[in-house]
Amino acid sequence: MIKAVCFDLFFTLITPEYGKINNEFDLLGISREEWERYAEEPSLYRERALGTVDSEIEIIDKIAAITPFEISAAQRQKVLEARRERMRAALQNVSDDITSVLEILKKKGIQIGLISNADRIDCRYWKESKLFSFFDEAVFSCDVGLLKPDIHIYELAMRRLGVPPEICLFVGDGGSDELYGAKSAGMKTVFSEALEVKDDESRSRIMAYADHHIKNFREILSCIGE
């Protein structure tokens, strides 16, 4: 019987959506696609998600350093503020569907954990989030120096919750090969498309490691026997 559920954060519980104006790319006068190419460059992302780059402004400085144009100190500060605000808004604007399911899980005595690949900006406002009060433990990669799908980050979360893998469920959108990692750690897995629908190729790849597949967040309750 499931006694604990661990969630991924991004695109499972929240979506850090861009606004109509004053996004990071707007402030630099470039396209969203171009900004994300620089901001999500794999080696830079790994550094900050592991906590190697631990300063928020240094995260922006590192991104600025790989762009083919000059970004002033004033622009970098504005980009940082825009990124902070986007993450803060995502953590505040959580769907009622999600919070109602978390409330049901808590009332049933099921422990709830978070396992997230995140940098300092990503998790800055976690304790101010509508989600925070529902969670017994939150493991952020930048705090522990571990990234999904490394089996050790799942094992750490389960140790903190005090549960063995056979009674623990992991719920995620499948990014970063996270379901593979959870499965390798012995957890049951749920592939969620409640917030983001994958393309056919991605879905097929992720499903190879999913015990359950949901398209509505409330379906999690059926995965624990409800």
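**Group meeting: a cis proline, two helices and a positive phi**

Let me begin with P149, which sits in the loop between α8 (141-144) and α9 (151-161), where helices (H or I, at least four residues) and strands (E, at least two) are DSSP runs numbered from the N terminus. The peptide bond leading from K148 into P149 is cis, and its omega is near 15°.

Before going on, I should say that this is a predicted model, in which local features need pLDDT of at least 70 and side-chain atom pairs count only at pLDDT 80 or more, while totals for chains, interfaces and linings use all residues. Residues are numbered from 1 along each chain as its sequence is written, and side-chain values use heavy atoms, with hydrogens and water left out.

Turning to α6 (residues 96-107), its 12 residues at 1.5 Å each should span 16 Å, the expected span being 1.5 Å times one less than the number of residues, and the end C-alpha atoms are indeed 16 Å apart, which agrees. Within α6, the residues I98, T99, V101, L102 and L105 are buried, meaning under 20% relative accessible area, with exposed over 50% and partly exposed in between (1.4 Å probe, protein chains only). On the other side of α6, D96, D97 and K107 are exposed. The buried residues of α6 pack against β1 (4-7), β2 (111-116) and α12 (220-223), contact being heavy atoms within 4.5 Å.

Finally, D177, in the loop between β4 (168-172) and α10 (178-184), is a residue other than glycine with a positive phi, near 55°, and because its relative accessibility is 40%, D177 counts as partly exposed.
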